[in-house]
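Student: Got a minute to go through this one with me? Let's start with how far to trust it.

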Amino acid sequence: IVTEPSPARYVFTVYMPISNSGGGGSITGSGGDASGYVGFILIILIFVAFVVAYFLVGGAIMYTKGARGIEMIPNIGFWKDLPFLIKDGVLFVLSPCCGQRFSYTKM
């Protein structure tokens with residue numbers, strides 16, 4: 001719909017090429033190959049391998065130091081606090097949007 005501009009209204013016209021040549025618009029890239037997905041899956045697998053290795057090696061080291069049970073988890077204090085740290089971070093980021101300021105209490 002094209003309308004005449006008025007003092008309170010602006011009219012913008014955007015021109016863009018439309019093509020069916022297979023170049024653009026595809027989430028897998030041109031030609032429909034899935035190389036982007038393979039790279040993404042590879043990165044996820046490497047990340048999971050590092051996390052598993054972290055817990056296995058850290059647990060083995062803690063075991064040699066005499067830890068048993070839940071104490072074998074490396075940096076257990078951090079992992080217990082992580083959900084609360086994430087909550088604090090989300091509240092800190094969202095507080096300007098919600099109009100409320102979440103702050104620490106003064107000592």
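Student: Where does pLDDT stay under 50?
Tutor: Over residues 24–30. For that stretch the model has 4 contacts beyond four places in sequence. Keep in mind that this is a predicted model.

Student: And the chain as a whole, what's the mean pLDDT?
Tutor: The mean is 77. Of the residues in the chain, 59% reach 70 or more.

Student: OK, secondary structure. How many helices and strands?
Tutor: There are 2 helices and 0 strands. Helix 1 covers 35–64 and helix 2 covers 76–98.

Student: How much of the chain is buried?
Tutor: Buried residues make up 5% of the 107 in the chain. The exposed surface is about 10000 Å². Carbon and sulfur atoms supply 70% of that area.

Student: Switching to aromatics. How many pairs does a search of the whole structure find?
Tutor: It finds 4 aromatic pairs. One of them joins phenylalanine 78 and tryptophan 79.

Student: Is that pair stacked or edge-to-face?
Tutor: Edge-to-face, because the ring planes are at 75 degrees, and over 60 counts as edge-to-face. The ring centres are 5.0 Å apart.

Student: Are those two residues buried or exposed?
Tutor: Phenylalanine 78 is partly exposed, at 41% relative accessibility. Tryptophan 79 is also partly exposed, with a relative accessible area of 34%.

Student: Which residues form the aromatic cluster?
Tutor: Tyr54, Phe55, Phe78 and Trp79 form one cluster.

Student: What does isoleucine 73 touch, leaving out residues up to four places away in sequence?
Tutor: Phe55 and Trp79. Both of those residues belong to the aromatic cluster.

Student: Where is isoleucine 73 found?
Tutor: In the loop between helix 1 and helix 2. Isoleucine 73 is partly exposed, with a relative accessible area of 31%.

Student: How far is its C-alpha from that of leucine 56?
Tutor: The two C-alpha atoms are separated by 8.8 Å. Along the chain, isoleucine 73 and leucine 56 are 17 residues apart.

Student: And from isoleucine 61?
Tutor: There the C-alpha separation is 9.7 Å, with the two positions 12 residues apart in chain numbering. Isoleucine 61 is found in helix 1. Its relative accessible area is 42%, so isoleucine 61 counts as partly exposed.

Student: Back to the loop. What's the phi of asparagine 75?
Tutor: Positive, about 55 degrees, although asparagine 75 is not a glycine. Asparagine 75 lies in the loop between helix 1 and helix 2.

Student: Buried or exposed?
Tutor: Asparagine 75 is exposed, with a relative accessible area of 52%. The cut-off for exposed is over 50%.

Student: Last one. What sits over the ring of tyrosine 63?
Tutor: The charged end of arginine 68. That charged end is 3.9 Å from the ring centre.

Terms used
Residues numbered from 1 in each chain as written. Predicted model: local features only at pLDDT ≥ 70, side-chain atom pairs only at ≥ 80, totals over all residues. Heavy atoms only, no water. Helix = DSSP H or I, 4+ residues; strand = E, 2+ residues; numbered from the N terminus. Buried < 20%, exposed > 50% of the residue type's maximum accessible area, 1.4 Å probe, protein only. Areas by Shrake-Rupley, 256 points an atom, 1.4 Å probe, with all protein chains shown as cover. Phe/Tyr/Trp six-rings, centres within 6.5 Å; stacked < 30°, edge-to-face > 60°. Lys NZ or Arg CZ within 6 Å of the ring centre and 35° of its normal. pLDDT = per-residue confidence, 0-100. Contact = heavy atoms within 4.5 Å.
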